[in-house]
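Subject: A structure for you to explore

Hi there,

Here is the structure I promised to pass on to you. Please open it next to this email, so that you can find each residue as you read.

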Amino acid sequence: MIRKSLPVLFAVLCLPMNALASDVQLSVHGLKGKLEDNVDAYLSSIPESDYSTSLRFQSRIEQSIREALNALGYYHPEIRFEISSDQDELEVYVVKGAPVLIKSVDIELTGEAKNDIDFIKLVQNSGIKVGKRLNHGLYDALKSNIRNLALQKGYFEGDFKLSRLEVSPDLNEAFVRLHFDSGMRYEFGQTIITGSQIEESRVHSLEPYTLGEPYLVSKVGEYNQNLSNTDWFSSVFVEPDLSQLSISRELPMKVSLAPQARNQLETGIGYSTDVGVRGSLKWKKPWVNSRGHSFDSSFSLSKPEQTITASYRIPLEDVLNDYYRIQYGMKNQDSRDTKSLESNLALERHWLLDGGWHRTVFIRYLLENYEQGLQDDSAEFLLPGISYSRSRTRSGSGPMLMWGDRQSITMEYGDPKLLSETRVFRLQAGTTWIRSIGENHRGIWRLDGGANITDELEKLSPSLRFFAGGDNNLRGYSYESISPRDSSGALTGAKYITTTSLEYQYRVVGNWWGAVFYDVGDAYNNTPDWKRGTGVGIRWGSPVGPVRLDFAWGLDAPKGDEFQIHFTLGPEL
C-alpha cells in the first residue's frame, strides 16, 4: 500500500469547499511487488504540495496509475476513489485487470552479427518471449542493449531497419518486431600516435590488441589504462578514427598524448604513534629519456628514523610488468636499544607471472654500523634473494576495500664466502585477507612470520633481526618493544617472529566504522612466549585512504605499559 501526505497550504477559490483539506493523505490499495513499486515511482513525480481531494487531482492520479500499469502490461485497470468523511484522506482502490501477453516475437539479426554469440545470448536472455506478459521496459532495454553491444564490438554502421511494439488492448495482445542490420564488424587497424616524447615502439608495446583483431571497446579502454599507468603522460586519449568508416575493414586507432612534467616534487607530513610526526620530500622523474626510464627519490624525517632512498627503473618488453630496478637506501635509526646507520644497494629484476603473481629476483649489499644493547659493531652482507607477491581486490562502493587479499614470501641467503658476516638463510612471509558480509560488516585477518636460520645471531645486524610490537604488528605494545633481551635488559632482536591479528568492523554511519580486534605474536629465539593484545578502534574511509585509530591493551605487557593508542594512515593490504 502506498501512502503519502503533506499539508495543503493554499485554498483554490474555484474548487468546491468539500474538495479542500488542510492535510490530505493519499493511499493506494490493491497492488504489490513491482506493480506497487512502479506506481509509487510514477506518483513520486507529483509534488505532495499538489495533493487534494478534487476531481482534477483524482484525474491526475488515475492517469499516472494507468501509465505505470500500462508500462508493465496491464491496460485494463479498474480504479476507484474514496474520500474520508473529514476530507483529509484520498484512498485509491486498484484492480489491475487482465495482462497483455506477447502474441508474437519477430526479432531478426542480419549482417555479420547474425552468428555473433553475444547478440544471440542477448536476445535469448531479454525476457521477451511469446506468452509472456508485456513489459515496455524489457523492450526498450533490448533495443538499447543491441545498439550498445554493436558499438562495443565494432559494428559501427549497425542500425534498426524495423523497430515496432504493437499493442492491441482489446485483445490483450502485443506484437514485438525488431530487425537489426549490423553491417560488418570492424577490426583494429594501424595505430597512429601523436604527441609522444617516448619512442613509438615503447608506446606500441602497450597495445592489448594486434593488427586485424576484431574491434572491442574494452581493449581500447585497456590500452588507455596501460598508457596512463606508465606515468609518462599527463593526458591520454585513445579512440577509433570513425572518419575512415566504409573505406576499409581495418579501422585506424588514434592515440593522442601529452608528456608528463619531467620533474615532480611532493611534500608531506604525517603522524603515527610508532614514529611520531614525520615529514617527507619526494622528487620524481617519470621519464628520463625516450626509452621510458624513470627515477624517483624520497627523504623521510622523524625523531627516531631518517631515511633517504633513490630508485632507477629500466622497463623491458612488457613495460608495465617486466623491468630492472636499481635501488639505494640509507637509514639512520635511534630508538629504544637500537642505534643504527645502514646502507642498502640492490639490483632487482621484476616479472609478472600467470595468476597475478609478481616475481622479483634481486641481490642487495647491506652495510650497517650499529649499537644493539651491549653490542657495538659493524657488519656487511651480500644477500641474493627472490620474492613472490600477489594482491587481489574487487572494487566496492566506497573508499573502504570490501574484498581483497595479499600474499608475499621473500627468501634471501648470505654466506661468508660472498662478503657476508655469517651464513644465514632468511625467510619472511605474510598473508592478509579482507572479506565482507553485505555493506556493513568487514573482517580482516593477518598472519605474518619470519625466520633467520643461522648459528650466529649476534653477527646479524639489527635490520636483519626481528622485533615485534606497534601499529601494524602487535597492538597494545610499543613500537618494536618485543624481542629477547641481553644481560642488561636491553632488546637484542630475534631469530624468529610470528604475529597474527583478527579484526571485525561494523559500519556505524557513512564511511565511519567501529572495530574490535585481537592480536597475538612474539619475536623469539627458541620458544615463543605469546603476547596478546586486544582493543577497539575507529576507522574512517577518507579520500586519501583508510585512517585507523586504535585503543589497545597489551594483556601481557609490563605494569604501567598496558595501554597504547595507535594511529595510522594508509592501505590495509
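Below I go through what was found, one topic at a time. Please keep in mind that this is a predicted model.

**Salt bridges**

Let's begin with charges that pair up. Side chains of opposite charge can pair when their charged atoms come close. How many salt bridges does the structure hold? The count is 31.

One of them is formed by R177 and D106, whose closest N and O atoms are 3.7 Å apart. This pair links distant parts of the chain: R177 sits in strand β7 (residues 173–181) and D106 in strand β5 (residues 101–110), with their positions 71 residues apart in the numbering. R177 is partly exposed, at 30% relative accessibility, and D106 is partly exposed too, with a relative accessible area of 27%.

Another salt bridge joins E199 to R291, and here the closest N and O atoms are 2.9 Å apart. Once again distant parts of the chain are linked, as the two residues are 92 residues apart. Both are in loops: E199 in the one between β8 (187–194) and α5 (200–204), R291 in the one between β12 (276–285) and β13 (294–302). E199 counts as partly exposed at 29% relative accessibility, and R291 counts as partly exposed at 36%.

A further pair is E348 and R325, with 3.0 Å between the closest N and O atoms of their salt bridge. E348 belongs to strand β16 (residues 338–352) and R325 to strand β15 (residues 323–335), 23 residues apart. Is E348 buried or exposed? Its relative accessibility is 10%, so E348 counts as buried, because the cut-off for buried is under 20%. Its partner R325 has 22% relative accessibility and therefore counts as partly exposed.

Salt bridges can also be followed from residue to residue here: R475, E503, D519, R539 and D550 are linked in a network of them.

**Patches of charge on the surface**

Next, have a look at the surface. Which residues gather in a patch of positive charge there? They are K32, K34, K96 and R133. Take K34 as an example: this residue lies in helix α1 (residues 33–43). K34 has a relative accessible area of 68%, so it is exposed.

There is also a surface patch of negative charge, made up of D334, E371, D376, D377 and E421. D376 is placed in strand β18 (residues 375–394). With 59% relative accessibility, D376 counts as exposed.

**Two residues with a positive phi**

Now for the backbone. Most residues other than glycine have a negative phi. D231 is not a glycine, yet its phi is positive, at about 65°. You will find D231 in the loop between α6 (217–229) and β9 (233–240). D231 counts as partly exposed, with 23% relative accessibility.

E480 is another residue that is not a glycine but has a positive phi, in this case about 50°. Where is E480 found? Look in the loop between β21 (441–453) and β22 (496–509). At 23% relative accessibility, E480 is classed as partly exposed.

**Strands side by side**

Finally, some strands. Strand β25 (residues 545–554) and β26 run antiparallel and are joined by 7 bridges. To see how they line up, find R548: its bridge partner in β26 is T568.

Strand β26 (residues 563–569) has two faces that you can tell apart. Which residues make up its covered face? Those are Q564, H566 and T568, while F563, I565, F567 and L569 make up the uncovered one. So that you can connect the two points: T568, the partner of R548, is on the covered face.

One last spot to visit is A429, which lies in strand β20 (residues 424–437). A429 counts as partly exposed, at 32% relative accessibility. The C-alpha atoms of A429 and D448 are separated by 5.9 Å, although the two residues are 19 residues apart along the chain.

Enjoy looking around, and write back if you get stuck.

Best wishes

Notes: Residues are numbered from 1 along each chain as its sequence is written. This is a predicted model: local features need pLDDT of at least 70, side-chain atom pairs count only at pLDDT 80 or more; totals for chains, interfaces and linings use all residues. Side-chain values use heavy atoms; hydrogens and water are left out. Patches are made of residues with over 30% relative accessible area and no salt bridge: like charges are joined within 9 Å, nonpolar side chains (Val, Leu, Ile, Met, Phe, Trp, Tyr) within 5 Å. Accessible areas come from the Shrake-Rupley method with a 1.4 Å probe; for residues, only the protein chains shown count as cover. A salt bridge is a side-chain nitrogen of Lys or Arg within 4 Å of a carboxyl oxygen of Asp or Glu. Lys and Arg count as positive and Asp and Glu as negative; His and the chain ends are not counted. The place of a charge is taken as NZ of Lys, CZ of Arg, CG of Asp or CD of Glu. Helices (H or I, at least four residues) and strands (E, at least two) are DSSP runs, numbered from the N terminus. Buried means under 20% relative accessible area, exposed over 50%, partly exposed in between (1.4 Å probe, protein chains only). Two strands pair if DSSP finds at least two bridges between them.
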